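Here are a few exercises to try with the structure open beside you. Work through each task before reading its solution.

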Amino acid sequence: MNLLFLLKGVVLGLSIAAPVGPIGLLCIRRTLAQGQLVGLVSGLGAATADGLYGFVAAFGLTLVSQAMVEHAYWLRLIGGLFLCYLGATTFLSKPAENPASSTGKGLAAAYASTFALTLTNPATILSFIAIFAGLGIVEPGRNLISSSLIVIGVFLGSALWWLILSFGVNLFRASLNPKRLGWLNKLAGAAIFIFGVVALSMRG
């Protein structure tokens, strides 16, 4: 029975991480420009945020979730501006001939940026609460172990997706010359910038 909750969490984590959005584009671009490790670590930042949101939803931390919803405007503003900045810098960046070395500082920055971007989307916590309620995870008296296992599963499922994505994208890196990478930077940068503009234009 406990294994079933873990598997539910893995499937949930995969389904939440898989849709291609600004984080996905950012991880794809980083994998191509800086190598698989940087792309994977970037994805793990998002997976950590997904796991944190899952923890808040599963254990009914209403004060935390309510505070995030109440400050949704400012969180969205910060996240939107950050996306616009990342989009502009990606659009203007020149493709490197070889992947940059994966230093500790660079990996920490890659992890922190996607972690922060995922946290600045307060709609995610509402999605988790709705899904967990549908699965019966936020019901009063729910077993602590089952709730913990599904939260762990959410992180593992999300992390698994970023591992698959970074590995798959890395396979195509050898076939991309600097000119193609340059066009990819422009396309990815423009798309990320648009995501930022959309976030800034949302109301409520």
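A residue counts as buried when its relative accessible area is under 20%, as exposed when it is over 50%, and as partly exposed in between. Keep in mind that the model is a predicted one.

**Exercise 1.** Decide whether helix α2 is largely enclosed by the rest of the structure, starting from its buried residues.

*Solution.* Begin by listing the buried residues of α2: I23, G24, L25, L26, C27, R29, R30, T31, L32 and A33. That makes 10 of the 13 residues, so α2 is largely enclosed by the rest of the structure.

**Exercise 2.** Compare the span of α2 with the expected value, then look at what follows the helix.

*Solution.* Helix α2 covers residues 22-34. The expected span is 1.5 Å times one less than the number of residues, so 13 residues should give 18 Å. The end C-alpha atoms lie 17 Å apart, which agrees. Next comes G35, with a positive phi near 105°.

**Exercise 3.** Find the one aromatic pair in the whole structure and classify its geometry.

*Solution.* A search of the whole structure gives one aromatic pair. Its members are Y111 and F115, with ring centres 6.3 Å apart and planes at 5°; planes under 30 degrees apart count as stacked, so this pair is stacked. Both residues belong to helix α6 (residues 104-119) and are four residues apart, about one turn of the helix. Y111, at 30% relative accessibility, is partly exposed, and F115, at 23%, is partly exposed.

**Exercise 4.** Which ring does the charged end of K186 sit over?

*Solution.* The ring belongs to F91, and the charged end of K186 is 4.6 Å from the ring centre.

Technical notes: Residues are numbered from 1 along each chain as its sequence is written. This is a predicted model: local features need pLDDT of at least 70, side-chain atom pairs count only at pLDDT 80 or more; totals for chains, interfaces and linings use all residues. Side-chain values use heavy atoms; hydrogens and water are left out. Rings of Phe, Tyr and Trp (its six-membered ring) pair if their centres lie within 6.5 Å; planes under 30 degrees apart count as stacked, over 60 as edge-to-face and the rest as tilted. Helices (H or I, at least four residues) and strands (E, at least two) are DSSP runs, numbered from the N terminus. Buried means under 20% relative accessible area, exposed over 50%, partly exposed in between (1.4 Å probe, protein chains only). A charge sits over a ring if NZ of Lys or CZ of Arg is within 6 Å of the ring centre and within 35 degrees of the ring normal.
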